[in-house]
Amino acid sequence: MSTPVPTLTTPRLTLIALSLTDCADYERHFIDYEVIRHLARDVPWPYPAGGAAKFIRDRVLPGQGQNRWVWGLHRREVPGLIGAVDLWREGRPEHRGFWLGRQFWGQGLMTEAVIRITDYAFDVLEFEELIFANALGNERSHNIKERTGADLVEVRPGSFVDPAYDRREIWRLTRDKWRRWKRGPA
Ligand SMILES: CC(C)(COP(=O)(O)OP(=O)(O)OC[C@H]1O[C@@H](n2cnc3c(N)ncnc32)[C@H](O)[C@@H]1OP(=O)(O)O)[C@@H](O)C(=O)NCCC(=O)NCCS
């Protein structure tokens, strides 16, 4: 079933389907070893010229709204992409990836985006559960999962752009757990 990627809003962000018009902003914020080093080994480093356009054209657009939903993050008051959240139907085992330009870390913006997209995943896309993954030692990514109700289930071997990482944490968030988390402490 096709479900076009909708524009979503949060208090501080507009989440807009990633498109080729985002290439320049994507490269401006993404091509940074401090962003890329935490990602899976199949992300190239050094990042090639034109890599964002190729990624969006060849990997994102063919599946957008079919088996993959990729949003760019834009601050509501300032246009321009500052990060992205990627959700995919088939687990690898994880169903989600995200990154944010380094100058925007530490403000809760990704947590805000992830909460809105998790609602969308369970309520509209009808996922029963979401699996997440991050390098063991990627504390910022770990903290987002912990902060938003996911349960750490396993640590497996893994390889990342930064060769110092060699294991990955696997997390699970079920629809029921999400609903309980949204209701807050009893
Ligand atoms: C992962 C990544 C998106 C997290 O960025 P982040 O800024 O830590 O995440 P958030 O935007 O949710 O901000 C949370 C931080 O802001 C702080 N914060 C400030 N105001 C906040 C608010 N209103 N709500 C929530 N957190 C807030 C939190 O305390 C937290 O800081 P802490 O972890 O030191 O406690 C970013 O580090 C990144 O892009 N890393 C590289 C790519 C990457 O690792 N991707 C994930 C691969 S699995």
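**Ligand shell and a buried glutamate**

A backbone N or O atom of glycine 108 sits 2.9 Å from an oxygen atom of the ligand. The protein buries 74% of the 940 Å² that the ligand exposes when taken alone. Please keep in mind that this is a predicted model. Below is a quick tour of the ligand's surroundings, followed by a look at glutamate 169.

**Backbone contacts to the ligand**
- Besides glycine 108, glutamine 107 places a backbone N or O atom 3.3 Å from an oxygen atom of the ligand.
- Leucine 109 joins in through a polar backbone atom, which is 3.0 Å from an oxygen atom of the ligand.

**Who makes up the shell**
- There are 23 residues around the ligand, and those that come nearest are Phe98, Gly106, Met110, Thr111 and Arg140.
- By character, the shell residues divide into 10 nonpolar, nine polar and four charged.
- At least two shell residues each come from strand S5 (96-100), helix H4 (109-123), strand S6 (129-135) and helix H5 (139-147).
- H5 gives the largest share of the shell, with six residues.

**Glutamate 169, a charge without a salt bridge**
- Look for glutamate 169 in strand S8, which spans residues 167-174.
- Glutamate 169 is buried but has no salt bridge.
- What is the nearest side chain of opposite charge to glutamate 169, and how far away is it? That side chain belongs to lysine 145, 6.8 Å away.
- The side chain of glutamate 169 does have a polar partner: it makes a polar contact with the side chain of histidine 142, at 2.8 Å.

Note on methods. Residues are numbered from 1 along each chain as its sequence is written. This is a predicted model: local features need pLDDT of at least 70, side-chain atom pairs count only at pLDDT 80 or more; totals for chains, interfaces and linings use all residues. Side-chain values use heavy atoms; hydrogens and water are left out. A residue is near a molecule or strand if one of its heavy atoms lies within 4 Å of it. A polar contact is a pair of N or O atoms within 3.5 Å; within protein, one must be able to donate a hydrogen and the other to accept it, and residues adjacent in sequence count only if both atoms are side-chain atoms. Accessible areas come from the Shrake-Rupley method with a 1.4 Å probe; for residues, only the protein chains shown count as cover. Helices (H or I, at least four residues) and strands (E, at least two) are DSSP runs, numbered from the N terminus. Ala, Val, Leu, Ile, Met, Phe, Trp, Tyr, Cys and Pro count as nonpolar, Asp, Glu, Lys and Arg as charged, and the others, Gly among them, as polar. Buried means under 20% relative accessible area, exposed over 50%, partly exposed in between (1.4 Å probe, protein chains only). Lys and Arg count as positive and Asp and Glu as negative; His and the chain ends are not counted. A salt bridge is a side-chain nitrogen of Lys or Arg within 4 Å of a carboxyl oxygen of Asp or Glu.
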